[in-house]
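Subject: Handing over a structure, with notes

Dear colleague,

I am passing on the structure we spoke about, together with a few notes that I hope will help you find your way around. Please keep the sequence and the model open beside this message while you read.

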Amino acid sequence: MIPISERKRIVVKVGTSTLTHRTGRLNIRRVEQLVKTLADLQNAGHEVILVSSGAIGLGMGKLGLMDRPKDTPGKQACAAVGQCELMYLYDNLFSEYSITVAQLLLTKYILLEDRRKNVENALERLISQGVIPVVNENDTVAIDELEMGENDSLAAVVATIANADLLIIMSDIDGLYDSDPRQNPDAKMIPVVREISEDIHAVAGGAGTKFGTGGMATKIHAVEIAYESDIDVVLMNGQHPKKLYELFEDKPVGTLFHKG
């Protein structure tokens, strides 16, 4: 297996729980740490693609909503407001390190097999120019039958299209456990997973936060998508973005999903 430190092109997915406080408001310190760390990895020679959730969550905070809208127009409105704030934030923070970012808003329709080439070409050109693409689902126009529904699977598809060497999913949990650590204090983290078995599916349960859409099941599904293209996946806690340094120093961080 190629050491993590030698993986060149990486897709990093951050969830709403990483970007925001429980109030739904932006976690400024954590986002600043995330951006600084990703900028440093880019400067070290890695090619970074950021798949960022948070538009709807940030829009909720901006609009003063405590509960995620259940209707499509409500979600679209939150996404439209929040996406502006999200990209404004990334643009300002990455520019402090002389790194340019670009926004890619995708839908399931755009990611169909016969349309993926356009996305691949755009990603390749941006990366070749030292730009960090910031990818999200286009929640403002996506409707139920056209939406991916969560960014874990979107990140895996983007990793596939970009021919990435590694997918990193940053969540609000340290990794995959043999049972739910929120309910079982004796739960043990699984450091390496080589096969997505029925047992792995069985332990992957539970929903995400009220501001997000993910859960462990969506992350396992993302791993299955990545496995189809022989892409390894790391699931790690996003509350401490600086742990990315440890990961790229080949220290054990989170759960590594390595097909084998």
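The notes below go through confidence, then the sheet and its helices, and then one residue.

Please bear in mind that this is a predicted model. The average pLDDT over the protein is 88, and 91% of the residues score at least 70. Residues 206–214 fall below 50, although this stretch still has 28 contacts in the model beyond near neighbours in sequence. Where pLDDT is low, the predicted coordinates should not be read in detail.

The sheet is a good place to begin. Eight strands form an open sheet with mixed pairing, and their order across it is 3-4-2-1-5-7-8-6. At the edges are strand 3 (101–106) and strand 6 (192–193), each of which pairs on one side only. Helix 2, covering residues 28–43, packs on this sheet and touches strand 1, strand 2, strand 4 and strand 5, while its direction makes about 155 degrees with that of strand 2. Helix 4 (residues 72–95) lies across strand 1, strand 2, strand 3 and strand 4, and runs at about 155 degrees to strand 3.

Strand 1, which spans residues 9–14, deserves a slower look, since six of its six residues are buried. In a regular strand the side chains alternate between the two faces of the sheet. Here both faces are covered, with R9, V11 and K13 buried on one side and I10, V12 and V14 buried on the other. Strand 1 runs parallel to strand 2 (residues 47–52), to which six bridges join it, and I10 has V48 as its bridge partner there. Strand 1 is also parallel to strand 5 (residues 166–171), with five bridges between them, and V11 stands opposite L167 in that strand. Further along, strand 2 is joined by two bridges to strand 4 (residues 132–137), again in parallel, and the partner of V51 in strand 4 is V135.

Finally, please look at D232, which is found in strand 7 (residues 232–237). Is D232 buried or exposed? Its relative accessible area is 6%, and because buried means under 20%, D232 counts as buried. The side chain of D232 makes a polar contact of 2.9 Å with the side chain of H258. Leaving aside residues up to four places away in sequence, D232 touches several others, including M1, R7, L166, L167 and H258.

With best wishes

Note on methods: Residues numbered from 1 in each chain as written. Predicted model: local features only at pLDDT ≥ 70, side-chain atom pairs only at ≥ 80, totals over all residues. Heavy atoms only, no water. Buried < 20%, exposed > 50% of the residue type's maximum accessible area, 1.4 Å probe, protein only. Helix = DSSP H or I, 4+ residues; strand = E, 2+ residues; numbered from the N terminus. Pairing = 2+ DSSP bridges. Contact = heavy atoms within 4.5 Å. Axes fitted to C-alpha atoms, helices over the stretch in contact; angles between N-to-C directions. pLDDT = per-residue confidence, 0-100. Polar contact = N/O pair within 3.5 Å; in protein donor to acceptor, adjacent residues only side chain to side chain.
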